[in-house]
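This report describes a structure for a reader who has not met it before. The sequence and the structure are shown here.

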2 protein chains.
Amino acid sequence: MKIEAEASSRAKILFEATRIAQAHGYSGLNLRNLAQQVGIKAASLYYHFPSKADLAAAVARRYAEDSVATLEALSLEASDAETCLRRYPETFRRSLENGNRICLCSFMAAEYDDLPSEVQTEVQAFADGNIAWLGKMLQLTGMKRQHAQTRAYAIFAAVSGAQLMARGRADIGLFDSIIESYRVAGLLRGENTT
Amino acid sequence: MKIEAEASSRAKILFEATRIAQAHGYSGLNLRNLAQQVGIKAASLYYHFPSKADLAAAVARRYAEDSVATLEALSLEASDAETCLRRYPETFRRSLENGNRICLCSFMAAEYDDLPSEVQTEVQAFADGNIAWLGKMLQLTGMKRQHAQTRAYAIFAAVSGAQLMARGRADIGLFDSIIESYRVAGLLRGENTT
DNA sequence: ACCTGAACACCGTTCAAGT
DNA sequence: ACCTGAACACCGTTCAAGT
């Protein structure tokens, strides 16, 4: 109770900020808008977060943590590594389903050079978490460590690109067919390559 | 002579605006900065372009045209379609070589929903030009039209993603190894798939 | 024909002040 | 403990005015 009430305003800020950042990126995250969404004034945001940079870093950190948790859940639920790899794009698909939004950190990756360093750190952490998980799955299929690592980067980059493209066209079917094309080419599989 | 002098200021604006947009995107394109780079005041930009949106659209249009021209040159120069496909990522690599910049239109794709519609149109045209060229090359390798079209989207999305990722890490070697990984998987080849 | 200073409504941020 | 109005330097844009 106490905790809920205490976290209420802060939690609301984080929630709305995540939605806005997913749709408009860091530079599109407008504090006056955000405050209005939350029901307070822009100046009041500074009671909860020292700056826009810190707020965005908090948003990105929570997003990265959720993402890793989702992947862990997938690898516990799925029977084998190949299934995990095949289903990996689902996590990216869900953002598109949810109002043509986009993976927060892939989005911010475009603005990367202009992000405050605290935010850069969290965006990196998100990507690293995904890549580590992919690398682990690929090794489970029998791929050598070095090869698995490179392939993990490739899958992450390719799926991010597909999401970005599908969002631009506002066409989730395009996401599906690009992913299917990756599968056909063999990008989302484990051992079947050199 | 006359033409050169006439175009001089406008050309300078387009040139500098392209550089800035490649590094910071549309929302990062600051008119006061741009004007200073050109050697005029921000208000003077409005003599040459009616708005930031029109300026950015002009930048994107020229960029898209150059890109198609580069691809045409490649397909004339290269001996066969497979070579063209293998060399396609070079056009994206060059932006990274040039100061860790990024394909203007892939960059803008992240901001897509917030772009003025004139700019959206040009970004689409860029992507469509690339995809059409890729589709043609893929068909030349014997791929069926429908399959080639989907694969063209996939290649474009994957290479864009690789560029974005490599830029975030400021590591052109990462771009190369991701592309190599695509090749190994078979994504950048023609007929070798179902 | 080309450029400018001053002004507008907007942004992130600060801070003294309110409850 | 939590919020606010007013102010700051900044943004895109307009416009009357300069040469």
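## Contacts with DNA strand C

In this predicted model, a polar backbone atom of A:Lys52 lies 2.9 Å from a phosphate oxygen of DNA strand C. The backbone of A:Leu29 also approaches the strand, with an N or O atom 3.0 Å from a phosphate oxygen of DNA strand C. A base is reached as well: an N or O atom in the side chain of A:Arg32 is 2.7 Å from a base nitrogen of DNA strand C. The elements that contribute two or more residues to the surface near DNA strand C are helix H2 (31-38) and H3 of chain A, together with H3 of chain B. The most comes from H3(B), which gives four residues.

In total, 16 residues surround DNA strand C, and the closest are A:Asn30, A:Arg32, A:Tyr46, B:Lys41 and B:His48. By class, seven residues of this surface are nonpolar, five are polar and four are charged. Among the atoms of DNA strand C within 4 Å of the protein, sugar or phosphate accounts for 58%, and bases account for the rest.

## Contacts with DNA strand D

DNA strand D is surrounded by 17 residues, of which the closest are A:Lys41, A:His48, B:Asn30, B:Arg32 and B:Tyr46. Of the atoms of DNA strand D within 4 Å of the protein, 59% are part of sugar or phosphate, and the rest are part of bases. The surface near DNA strand D is made up of eight nonpolar, five polar and four charged residues.

Which parts of the protein lie close to phosphate oxygens of DNA strand D? From chain A, a polar side-chain atom of A:Tyr47 lies 2.8 Å from a phosphate oxygen of this strand. From chain B, a backbone N or O atom of B:Leu31 is 3.0 Å from a phosphate oxygen of DNA strand D, and a polar backbone atom of B:Lys52 is 2.9 Å from a phosphate oxygen of the strand. Two or more residues of the surface near DNA strand D come from each of helix H3 (42-48) of chain A, helix H2 (31-38) of chain B and helix H3 (42-48) of chain B. The largest share, four residues, is that of H3(A).

## Packing of H8(A) with H9(B)

Helix H8 (residues 117-140) of chain A crosses helix H9 (residues 145-169) of chain B at roughly 125°, and their axes come within 12 Å. An angle from 115 to 145 degrees counts as oblique, so H8(A) and H9(B) are oblique to each other. The crossing of H8(A) and H9(B) is left-handed.

On the side of H8(A), the contact is formed by A:Gln124, A:Ala127, A:Asp128 and A:Ile131, and on the side of H9(B) by B:Met165, B:Gly168 and B:Arg169. The residues of the contact between H8(A) and H9(B) comprise three nonpolar, two polar and two charged.

## Packing of H6(A) with H10(A)

Within chain A, helix H6 (residues 90-97) packs against helix H10 (residues 172-185) at an angle of about 165°, with the axes 10 Å apart. Angles over 145 degrees count as roughly antiparallel, and H6(A) and H10(A) are therefore roughly antiparallel to each other. H6(A) and H10(A) cross in a right-handed manner.

H6(A) brings A:Phe92, A:Arg93, A:Leu96 and A:Glu97 to the contact, where these residues meet A:Ile172, A:Phe175 and A:Asp176 of H10(A). By class, the contact of H6(A) with H10(A) contains four nonpolar residues, three charged residues and no polar residues.

Conventions:
Residues are numbered from 1 along each chain as its sequence is written. Chains are lettered from A and ligands numbered from 1 in the order in which they are written. This is a predicted model: local features need pLDDT of at least 70, side-chain atom pairs count only at pLDDT 80 or more; totals for chains, interfaces and linings use all residues. Side-chain values use heavy atoms; hydrogens and water are left out. Axes are lines fitted to C-alpha atoms, for helices over the stretch in contact, and angles run from 0 to 180 degrees between N-to-C directions. Angles under 35 degrees count as roughly parallel, over 145 as roughly antiparallel, 65 to 115 as roughly perpendicular and the rest as oblique. A crossing is left-handed if the near helix is turned anticlockwise from the far one by less than a right angle, and right-handed if clockwise. Contact means heavy atoms within 4.5 Å. Ala, Val, Leu, Ile, Met, Phe, Trp, Tyr, Cys and Pro count as nonpolar, Asp, Glu, Lys and Arg as charged, and the others, Gly among them, as polar. A residue is near a molecule or strand if one of its heavy atoms lies within 4 Å of it. A polar contact is a pair of N or O atoms within 3.5 Å; within protein, one must be able to donate a hydrogen and the other to accept it, and residues adjacent in sequence count only if both atoms are side-chain atoms.
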